Amino acid sequence: MKQTVRFEAMEITRQTIVFDAADIDAEADFWSGVFNGRAEGDHHWQVVRCSDGSIPVGVQFAPDHKPVNWPDNPVRSHMDLWVTDIRAAHAKVLGLGAEIIQLAEGEQNFNVYADPSGHPFCLCW
């Protein structure tokens, strides 16, 4: 007979995506620009705080961090940002230091970019 195990609900008080980076300042500045926020923290840990107080991303100092070689190395996770104006968003992330990894082809509705530390993310429309 299968035993059923029940767990109490876990109370989560905050959720933040964290990016490892060898250059924590460049990474935090990039994401601050993307989210129109400001970077807060020190040389080991920074967060991006938006005007509404939310913290969409954090950056953790990782001196040995190496960028992913898309698409050859498997990526375990990435961020999708849905935008209303792909041209403006594309120009903004490039201006902040993103690199284009793959532009949409055919029926695709997303472009793939790398942030300054090489983490892939998508702008979707």
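The following exchange concerns a predicted model and its two sheets and helix H1.

Biologist: Which element has the highest mean pLDDT, and which the lowest?
Modeller: Over the whole protein the mean pLDDT is 91, with 95% of residues at 70 or more. Among the elements, the lowest mean is 92, for E5. The highest is 98, and it belongs to H1.

Biologist: Why is helix H1 described as largely enclosed by the rest of the structure?
Modeller: H1 covers residues 24–34. A residue counts as buried under 20% relative accessible area, and the buried ones here are Ile24, Glu27, Ala28, Phe30, Trp31, Ser32, Gly33 and Val34. The helix is largely enclosed because the buried residues number 8 of the 11.

Biologist: Which residue with positive phi follows H1?
Modeller: The backbone after H1 includes a residue with phi near 50°. That residue is Asn36.

Biologist: In the sheet that contains E1, which strands stand at the edges?
Modeller: This open sheet has 4 strands in the order E1-E4-E3-E2, and its pairing is mixed. An edge strand here has a single partner, so one of its sides lacks a neighbour in the sheet. The strands in that position are E1 (17–21) and E2 (38–41).

Biologist: By what angle are neighbouring strands of that sheet turned against each other on average?
Modeller: The strands concerned are those in the order E1-E4-E3-E2. With direction ignored, the average turn between neighbours is 25°.

Biologist: Do E1 and E4 run parallel or antiparallel, and which residue stands opposite Ala21?
Modeller: E4 spans residues 57–61, and 5 bridges join E1 to it. The two strands run parallel. Opposite Ala21, in E4, stands Phe61.

Biologist: What angle does H1 make with E3?
Modeller: H1 packs on this sheet and touches E1, E2, E3 (45–49) and E4. The direction of H1 relative to that of E3 is about 10°.

Biologist: Which strands are at the edges of the sheet that contains E8?
Modeller: The order in this open sheet of 4 strands is E5-E8-E7-E6, again with mixed pairing. Neighbouring strands are turned by 35° against each other on average, direction ignored. The strands that pair on one side only are E5 (79–82) and E6 (99–102).

Biologist: How many bridges join E7 to E8, and which residue stands opposite Phe110?
Modeller: E7 (residues 110–114) and E8 (residues 120–124) run antiparallel. The bridges joining them number 5. In E8, the residue opposite Phe110 is Cys124.

Conventions. Residues numbered from 1 in each chain as written. Predicted model: local features only at pLDDT ≥ 70, side-chain atom pairs only at ≥ 80, totals over all residues. Heavy atoms only, no water. Buried < 20%, exposed > 50% of the residue type's maximum accessible area, 1.4 Å probe, protein only. Pairing = 2+ DSSP bridges. Axes fitted to C-alpha atoms, helices over the stretch in contact; angles between N-to-C directions. Contact = heavy atoms within 4.5 Å. pLDDT = per-residue confidence, 0-100.
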